[in-house]
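Here is a friendly note to help you find your way around. Have the sequence and the view open, and take the points in turn.

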Amino acid sequence: MKKFFVVGNPIEHSLSPVIHNYWLEKNNINAKYEKKLLTKENIPEIISSLKSGKINGINVTVPFKGDFISFMDDLSDEAKQTNSVNTIYNLGEKLIGHNTDIAGFELAIRHCKYDINKKKILIIGAGGVVPSILVALKRMGVGKIFLQNRTVDKAKKLIEFFPETTLIEWGTKIEVDMIINATSVGLKENDNLNIDINGFEGNKFFYDVIYNPKETKFLKDAKSQGNITENGKMMFIYQAHQAFSVWHKILPKIDSELIKLIEND
Ligand code: ATR
């Protein structure tokens, strides 16, 4: 039986096993996908299990998406562009680091049929997921990207790699078509990003990478002002979809039963 893991710290909350095991069963694949709590010191051990074939592939999540890079024999273009690896697989004798968050975001935006071409976007946050969002937005032909982060230095460091992104001061209001919350604010009840959304009434697109809870305060407030809103559920499902297709050479079905599993968990 083939073995796959998602590794991270914390990992308890991860719904990746729910998705992958659902598809494994639906496609009659003799494999198991589990979660593993990791510390940095355990990385060489998991690398050697991947190399020996004891483990057939892993997904990497927070906070290790950068830490596996130096252990890879090769990186996909997506992993290189973002300096971030979330999917690892064996190709012959080589361990390949890949990034499916870019495609995850792109497919999620296409899924909700929002026409992003030439649009002005504001990203709030500068954490691990942001490089993937930036690459995806560029690929989709957006007009202009602004970014703000509570800690300015972190945003500045990020923008060194994405110089066409414009840094704006935390809390500054700006006229855009789409606002993306890429911070972790909203994961806990009562979390408040304290973004003033007055003046963003109607027809703007508010996107939150968070999918649990289903509706963060950021999305709730935006919706109450008549804006379009979307949470990160489909991005999460699509990044898994892409990883599954890399490992098993099958494009699994995203059906309503699967979506319900993610919503109800
Ligand atoms: P990492 O940086 O390890 O990838 P992340 O969870 O992906 O972590 O990113 C956290 C993001 O949420 C960061 O942009 C962080 O801002 P800072 O760089 O200033 O820490 C943002 N964030 C977390 N808590 C926040 C808060 N209370 N207010 C505003 N931004 C917050």
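1. A definition first: two strands count as paired if DSSP finds at least two bridges between them. With that in hand, look for an open sheet of 6 strands in this predicted model. Its order is β2-β1-β3-β5-β6-β4, and the pairing is mixed. At the edges sit β2 (31–37) and β4 (74–75), each with pairing on one side only.

2. For a close look at one pair in this mixed sheet, try β5 (residues 87–91) and β6 (residues 94–98). These two strands run antiparallel and are joined by 5 bridges. Within the pair, Thr87 stands opposite His98 of β6.

3. Which helices pack on this sheet? One of them is α1 (residues 16–26), which touches β1 (2–8), β2 and β3 (57–60). The direction of α1 makes about 170° with that of β2. Helix α8 (residues 233–248) packs on the sheet as well, touching β1, β2, β3, β5 and β6. Its direction makes about 10° with that of β5.

4. Now turn to another open sheet of 6 strands, with the order β9-β8-β7-β10-β11-β12. Here the pairing is parallel. The edge strands are β9 (166–167) and β12 (228–230), and each of them pairs on one side only.

5. At the β9 edge, β8 (residues 144–148) pairs with β9 in the parallel sense over 2 bridges. If you would like a residue to click on, choose Phe146: its bridge partner in β9 is Thr166. Helix α7 (residues 217–224) packs on this sheet and touches β7 (120–124), β10 (178–181), β11 (205–208) and β12. The direction of α7 makes about 165° with that of β11.

6. Next comes the ligand. The residues around it are Gly125, Ala126, Gly127, Gly128, Asn149, Arg150, Thr151, Lys154, Trp170, Thr183, Ser184 and Val185. By type, this shell divides into 3 nonpolar, 7 polar and 2 charged residues.

7. Which side chains bring a polar atom to an oxygen atom of the ligand? Asn149 is one, with a polar side-chain atom 2.7 Å from a ligand oxygen. Arg150 has a polar side-chain atom at 2.9 Å from an oxygen atom of the ligand. For Lys154, an N or O atom of the side chain is 2.7 Å from a ligand oxygen. On its own the ligand has 640 Å² of accessible area, and the protein covers 69% of that.

Definitions and conventions: Residues are numbered from 1 along each chain as its sequence is written. This is a predicted model: local features need pLDDT of at least 70, side-chain atom pairs count only at pLDDT 80 or more; totals for chains, interfaces and linings use all residues. Side-chain values use heavy atoms; hydrogens and water are left out. A residue is near a molecule or strand if one of its heavy atoms lies within 4 Å of it. A polar contact is a pair of N or O atoms within 3.5 Å; within protein, one must be able to donate a hydrogen and the other to accept it, and residues adjacent in sequence count only if both atoms are side-chain atoms. Accessible areas come from the Shrake-Rupley method with a 1.4 Å probe; for residues, only the protein chains shown count as cover. Ala, Val, Leu, Ile, Met, Phe, Trp, Tyr, Cys and Pro count as nonpolar, Asp, Glu, Lys and Arg as charged, and the others, Gly among them, as polar. Helices (H or I, at least four residues) and strands (E, at least two) are DSSP runs, numbered from the N terminus. Contact means heavy atoms within 4.5 Å. Axes are lines fitted to C-alpha atoms, for helices over the stretch in contact, and angles run from 0 to 180 degrees between N-to-C directions.
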